[in-house]
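Hi,

Here is the structure I promised to pass on, with my notes underneath. Have a look at it first, then read on.

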Amino acid sequence: MPKLTYVPTGATHDVPAGASFLEFCQEQGVDHPFGCTVGSCGTCRCEVVEGADNVNPITDEERETVEMCTDVAGARLGCQLKIQGDVSIRPVD
Ligand code: FES
């Protein structure tokens with residue numbers, strides 16, 4: 001089972017392969033910011049600091065939203081992430 005580490009708290013959780021990061025946060029009470037939950041507001045932007053290959057590839061729509069809200073290279077939207085292997089994730093400004 002993949003392991004997800006949420007960097008701000010340092011907590012590591014087991015997650016089912018293919019799990020949604022959004023649903024994981026809601027179910028586990030992880031305090032990551034979310035807004036629209038559908039990939040358009042950018043509130044949930046984050047960085048996969050380890051295991052970037054262990055999440056679903058970014059789509060053109062997700063990339064457009066990311067580019068509107070941060071300059072951090074490789075940033076993703078937490079509401080669009082599916083966890084497929086071990087990852088460490090942190091929010092980005
Ligand atoms: S919560 Fe709005 S883009 Fe993810």
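Let me start with a cysteine: Cys46 has 0% relative accessibility and so counts as buried (buried means under 20% relative accessible area, exposed over 50%, partly exposed in between, with a 1.4 Å probe and protein chains only). Cys79, at 7% relative accessibility, counts as buried too. Which disulfides does the chain hold? The count comes to zero, taking a disulfide as a pair of cysteine sulfur atoms within 2.5 Å. Cys46 is in none, as its nearest cysteine sulfur, that of Cys44, is 6.4 Å away.

Before the rest, a word on where this comes from. It is a predicted model, so local features need pLDDT of at least 70 and side-chain atom pairs count only at pLDDT 80 or more, while totals for chains, interfaces and linings use all residues. Residues are numbered from 1 along each chain as its sequence is written, and side-chain values use heavy atoms, with hydrogens and water left out.

**Overall fold**

The protein chain has two helices and seven strands, in the sequence pattern β-β-β-α-β-α-β-β-β. Helices (H or I, at least four residues) and strands (E, at least two) are DSSP runs, numbered from the N terminus. The C-alpha trace spans about 30 × 25 × 20 Å along its principal axes. The radius of gyration is 12 Å, which agrees with the value near 12 Å for a compact globule of 93 residues; that radius is taken over C-alpha atoms, and the globule rule is 2.2 Å times the number of residues to the power 0.38. Of the 93 residues, 40% count as buried. Contacts (heavy atoms within 4.5 Å) reach a long way along the chain: among those between residues at least 6 apart in sequence, 65% join residues at least 24 apart.

**The sheet**

Five strands make an open sheet in the order E2-E1-E7-E4-E5, with mixed pairing; two strands pair if DSSP finds at least two bridges between them. E2 and E5 are the edge strands, each with a single partner, so one side of each has no neighbour in the sheet. E4 runs antiparallel to E7 (residues 87-91), joined to it by four bridges. Within that pair, Glu47 stands opposite Arg90, and Glu50 has Ser88 as its bridge partner. E4 also pairs with E5 (residues 76-77), again antiparallel, over two bridges; here Arg45 is matched with Leu77.

**The two helices**

H1 (residues 21-28) has Phe21, Leu22, Phe24 and Cys25 buried. Those four cover an arc of only 165° around the axis, which puts them on the same side of H1; the arc is that of the directions from the helix axis to the C-beta atoms. The face turned away from them carries the exposed Gln26 and Glu27. What covers the buried side? Strands E1 (3-6), E2 (11-14), E3 (19-20), E6 (82-83) and E7 are included in the cover. At the start of H1, a side-chain oxygen of Ser20 comes to within 3.2 Å of the backbone nitrogen of Leu22. Just after the helix, Gly29 takes a positive phi of about 70°.

In H2, Glu62, Thr65 and Val66 are buried. They fall within an arc of 100° seen down the axis, so they line one face of the helix. As background, an α-helix has 3.6 residues a turn, so residues three or four places apart point the same way. The buried residues of H2 pack against E5, while the face turned away from them carries the exposed Asp60, Glu61, Glu64, Glu67 and Met68.

**One loop residue worth a click**

Where does Asn56 sit? It is in the loop between E4 (45-50) and H2 (60-69). Despite the loop position, Asn56 is buried, with a relative accessible area of 15%. Its side chain makes polar contacts with the backbone: one to the oxygen of Gln80 at 3.0 Å, another to the nitrogen of Lys82 at 2.6 Å. (A polar contact is a pair of N or O atoms within 3.5 Å; within protein, one must be able to donate a hydrogen and the other to accept it, and residues adjacent in sequence count only if both atoms are side-chain atoms.) Leaving aside neighbours within four places in sequence, Asn56 is in contact with Arg76, Gln80, Leu81, Lys82 and Gln84.

Over to you!
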